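Let us take a walk through this protein chain together, starting with how its strands come together and ending with its cysteines. Keep the viewer open as you read.

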Amino acid sequence: MRAVLGLCLVFLTARAPGALSLSTNVAVIHPQDPVLRIGSNLTASCWVHPDLGIHASSLYWTLNGQQLPGSLYRVLSPSNLSVTLGALSASRQTSGDNLVCHNHKGHILAGSCLYVGMPPEKPVNLSCWSRNTKDLTCSWAPGGRGETNISTKYKLKYKLRWYGTEKECKDNTHTLPYSCSITQDLHLFTPYEIWVEATNQLGKAKSDVITVDILEVVTTDPPSGVMVSRVGQLEDQLSVRWEAPPALKDFLFRAKYQIRYRLEENQDWKVMDDVGNQTSCRLAGLRPGTVYFVQVRCNPVGIYGSRKAGIWSEWTHPTAASTPHSERLMSGSCDSKSSGDSNSTLRRELKQFFGWVRKHAIGCSSMSMKLYDQWRVLMQKSHKTRNQVGSPRG
């Protein structure tokens, strides 16, 4: 709070030549730099040294540069003028509001900072995660409406659950506004008790205590080396491959992955949840001749034998690829009637199969992909056979 006071302090002194010693203040405001609850009343007085020959009735007050009406003043003595402020509203900034006493010429005689706010409420939404087991970062939110309007200090405190002494997190350089990272002397096999304490000059509050096992809140870097490519000339499929997060390659763990993809012109993502721990996947049932954006993320499972899954990583940056154009859509419509009937039958059969795939087998299951490829080969052979039967012989 001391540093903040320095930003607001407008206390100045003037000297009457030959009348006062250099160490004597010509004017003083009382109380100096008060801290008050919102809605409080305040009576402040400005005392002027009698040797200056300035009568209190010639003084006036300003609050944040705005002159206060004379109806709020009271002359307490020839050298003392008070002002009464009722139902104070919150300070405009945590560095306080400026209450200043002026002489009749507008010169500043003395000033005080008003800090008007509320005591902190119980911090909420405390949660923690560990990036690659190298740290333990926790974030929280202020309680209530979230703003006390005066300088409030938050401390993240922790200790090992069954023994150990209480410690305070010191690394507050995290990009999140209410967060702190524990980066030293981490214990991977003993849970922590963690809480937040909020303090200002009007009171203090403490969050609920949570218990955190680092191995159960591990999150990783996103997977690396994501590649999306076509599957031959299959116009409705794309192949996705990636590598496990580099930082976890030396850890004993199983990873599970998710893929999401969307059309170039659409912002809605479709998520594939059945990827498992494999590092490749086939997307089927896509639109021919269309650009897709694809992302992958990872969740570490069983770090050092932990029974719980970790926390999903961030998604990788989008990787774009396009499906081939459909030959059927690009071909002309000059076939004979029999050929048209054959194509119609093929399209109908494929449509039926696509419906079955979307309902039962779409995704990254190797079994469904093999079955799908076999069906495509069978349909292509059937299509060729029908064309040969329907073509005129020379």
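Two strands are said to pair here if DSSP finds at least two bridges between them. With that in mind, look at Leu36, whose bridge partner in strand 9 is Val116. Please remember along the way that this is a predicted model.

The Leu36 bridge belongs to a parallel pairing: strand 2 and strand 9 (residues 108-117) are joined in that sense over 3 bridges. Now widen the view to the sheet around them. It is an open sheet of 5 strands, in the order 2-9-8-4-5, and its pairing is mixed. Strand 2 (35-37) and strand 5 (66-67) form the edges, each of them pairing on one side only. As a general reminder, the strands of a sheet pair through backbone hydrogen bonds, in either a parallel or an antiparallel way.

For an antiparallel example, move along to strand 6 (residues 73-77) and strand 7 (residues 80-85), which are joined by 4 bridges. A hairpin connects strand 6 to strand 7 through 2 residues. If you would like one bridge to look for, try Tyr73, which has Val83 as its bridge partner in strand 7.

How far can the model be trusted from place to place? The protein chain has an average pLDDT of 79, and 73% of the residues score at least 70. Confidence is highest in strand 15 (residues 192-200), at a mean of 95, and lowest in helix 1 (residues 2-8), at 41. Over residues 1-7 the pLDDT is below 50, and this stretch has 11 contacts in the model beyond near neighbours in sequence. Residues 329-342 also have a pLDDT below 50, with 8 contacts beyond near neighbours in sequence. Where pLDDT is low, the predicted coordinates should not be read in detail.

Next, some backbone details. Where does the chain have a cis peptide bond? One joins His30 and Pro31, with omega at about 0 degrees. Pro31 sits in the loop between strand 1 (27-30) and strand 2, and strand 2 is the edge strand we met in the open sheet.

Asn64 deserves a look as well: its phi is near 55 degrees, a positive value in a residue other than glycine. You will find Asn64 in the loop between strand 4 (60-63) and strand 5. Is Asn64 buried, partly exposed or exposed? Its relative accessibility is 24%, so Asn64 counts as partly exposed. Asn125 has a positive phi of about 55 degrees too, although it is not a glycine. Asn125, however, lies in strand 10 (residues 124-131), and it counts as exposed because its relative accessibility is 61%.

Finally, turn to the cysteines. How many disulfides does a search of the whole structure find? There are 3. One joins Cys46 to Cys101, with an S to S distance of 2.2 Å. The torsion about their S-S bond is about -85 degrees, so this disulfide is left-handed. It links distant parts of the chain, with Cys46 in strand 3 (residues 42-48) and Cys101 in strand 8 (residues 97-102), 55 residues apart. Strand 8 also takes part in the open sheet described above. Both Cys46 and Cys101 are buried.

Another disulfide joins Cys128 to Cys138, with 2.1 Å from S to S. The angle about the S-S bond is 105 degrees, and the link of Cys128 and Cys138 is right-handed. Cys128 is in strand 10 and Cys138 in strand 11 (residues 136-141), 10 residues apart. Cys128 counts as buried because its relative accessibility is 8%, and Cys138 counts as buried because its value is 0%. In strand 10, then, you can find the buried Cys128 as well as the exposed Asn125.

Cys169 and Cys180 also form a disulfide, their sulfur atoms 1.9 Å apart. With -95 degrees about the S-S bond, the link of Cys169 and Cys180 is left-handed. Cys169 lies in the loop between strand 13 (167-168) and strand 14 (179-182), and Cys180 in strand 14, so the pair ties together parts that are 11 residues apart in sequence. Cys169 and Cys180 are both buried. One further cysteine to visit is Cys298, which counts as buried because its relative accessibility is 0%.

Methods: Residues numbered from 1 in each chain as written. Predicted model: local features only at pLDDT ≥ 70, side-chain atom pairs only at ≥ 80, totals over all residues. Heavy atoms only, no water. pLDDT = per-residue confidence, 0-100. Contact = heavy atoms within 4.5 Å. Buried < 20%, exposed > 50% of the residue type's maximum accessible area, 1.4 Å probe, protein only. Disulfide = S-S within 2.5 Å.
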